[in-house]
Amino acid sequence: QLQASGGGLVQAGGSLRLSCAASGRTFSNYVMGWFRQAPGKEREFVTLINESGTGTRHANSVKGRFTISRDNAKNTVYLQMNALKPEDTAVYYCAAATRMATVPQMYDYWGQGTQVTVSS
């Protein structure tokens, strides 16, 4: 089970930190990813981190602004979002996969999503 939290309303240029707490499985066995979905759009890849936390990938749209990290002792993955833009507004989902992948179909487990709204 994955439980995402930390979303909210922020002004453009502001920051938010999302968390995703995992339970029920061996967290450190999974690649963890963040995806987002805006109204009327498909779910899109944001960023991922490998099992040990030593490797990451980011979508071009968030490079230099978003940072993913994980704490395997706490079974939690984080998404630090800085310099937020109105186009970052979406529901953000955390997900778990057994391999590094940027497509949602490769992810086996999903959190419930947390809303991020960036006002201009």
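User: Let's start with the open sheet of 4 strands. What order do the strands have?

Analyst: Keep in mind that this is a predicted model. In general, strands of a sheet pair through backbone hydrogen bonds, in either a parallel or an antiparallel way. Here the pairing is antiparallel, and the order of the 4 strands is S1-S3-S8-S7.

User: Which strands are the edge strands?

Analyst: Look for strands that pair on one side only. That fits residues 2-5 and residues 66-71. So we can name the edge strands, because each pairs on one side only by the DSSP bridges: they are S1 and S7.

User: Over how many bridges do S3 and S8 pair?

Analyst: S3 covers residues 16-22 and S8 covers residues 76-81. Leu16 stands opposite Met81 in S8, and Ser19 has Tyr78 as its bridge partner there. The two strands pair in the antiparallel sense, and the number of bridges is 6.

User: And what stands opposite Ala4 in S3?

Analyst: Now we're on the pairing of S1 with S3, which is antiparallel over 4 bridges. Within S3, the residue opposite Ala4 is Cys20.

User: Is S3 largely enclosed by the rest of the structure or largely open?

Analyst: Buried means under 20% relative accessible area. In S3, 5 of the 7 residues are buried, so the verdict for this strand is largely enclosed.

User: Which residue does the disulfide join to Cys20?

Analyst: The structure holds 1 disulfide. Its S to S distance is 2.1 Å, and the residue joined to Cys20 is Cys94.

User: How many residues apart in sequence are the parts that this pair ties together?

Analyst: Both Cys20 and Cys94 are buried. Cys20 lies in strand S3, while Cys94 lies in strand S9 (residues 90-97). The pair therefore ties together parts of the chain whose separation in sequence is 74 residues.

User: What handedness does the disulfide of Cys20 and Cys94 have?

Analyst: The clue is the torsion about the S-S bond, which is about 65 degrees. That is why the disulfide counts as right-handed.

User: On to the rings. What kind of aromatic pair do Tyr30 and Tyr109 form?

Analyst: The structure holds 6 aromatic pairs. For Tyr30 and Tyr109, the centres are 5.9 Å apart and the planes are at 85 degrees. Planes over 60 degrees apart count as edge-to-face, so that cut-off settles the kind. This pair is edge-to-face.

User: How many residues apart are Tyr30 and Tyr109?

Analyst: Tyr30 sits in the loop between S3 and strand S4 (31-37), and Tyr109 sits in strand S10 (residues 109-110). The pair links distant parts of the chain, with a separation of 79 residues.

User: Is Tyr109 buried or partly exposed?

Analyst: Its partner Tyr30 has a relative accessible area of 14%, so Tyr30 is buried. Tyr109 has a relative accessibility of 30%, so it counts as partly exposed.

User: What kind of pair do the rings of Tyr107 and Trp110 form?

Analyst: Tyr107 is buried at 4% relative accessibility, whereas Trp110 is partly exposed at 27%. Their ring centres are 6.1 Å apart. The planes are at 55 degrees, so the pair is tilted.

User: Which residues do ring pairs link into a cluster with Tyr107 and Trp110?

Analyst: Tyr107 and Trp110 belong to a cluster linked by ring pairs. The other members of that cluster are Phe35, Phe45 and Tyr93.

User: How far is the charged end of Arg43 from the centre of the ring of Trp110?

Analyst: Arg43 also lies over the face of Tyr93, at 3.8 Å from the ring centre. Over the ring of Trp110, the charged end of Arg43 sits at a distance from the centre of 4.8 Å.

Technical notes:
Residues are numbered from 1 along each chain as its sequence is written. This is a predicted model: local features need pLDDT of at least 70, side-chain atom pairs count only at pLDDT 80 or more; totals for chains, interfaces and linings use all residues. Side-chain values use heavy atoms; hydrogens and water are left out. Rings of Phe, Tyr and Trp (its six-membered ring) pair if their centres lie within 6.5 Å; planes under 30 degrees apart count as stacked, over 60 as edge-to-face and the rest as tilted. Buried means under 20% relative accessible area, exposed over 50%, partly exposed in between (1.4 Å probe, protein chains only). A charge sits over a ring if NZ of Lys or CZ of Arg is within 6 Å of the ring centre and within 35 degrees of the ring normal. A disulfide is a pair of cysteine sulfur atoms within 2.5 Å.
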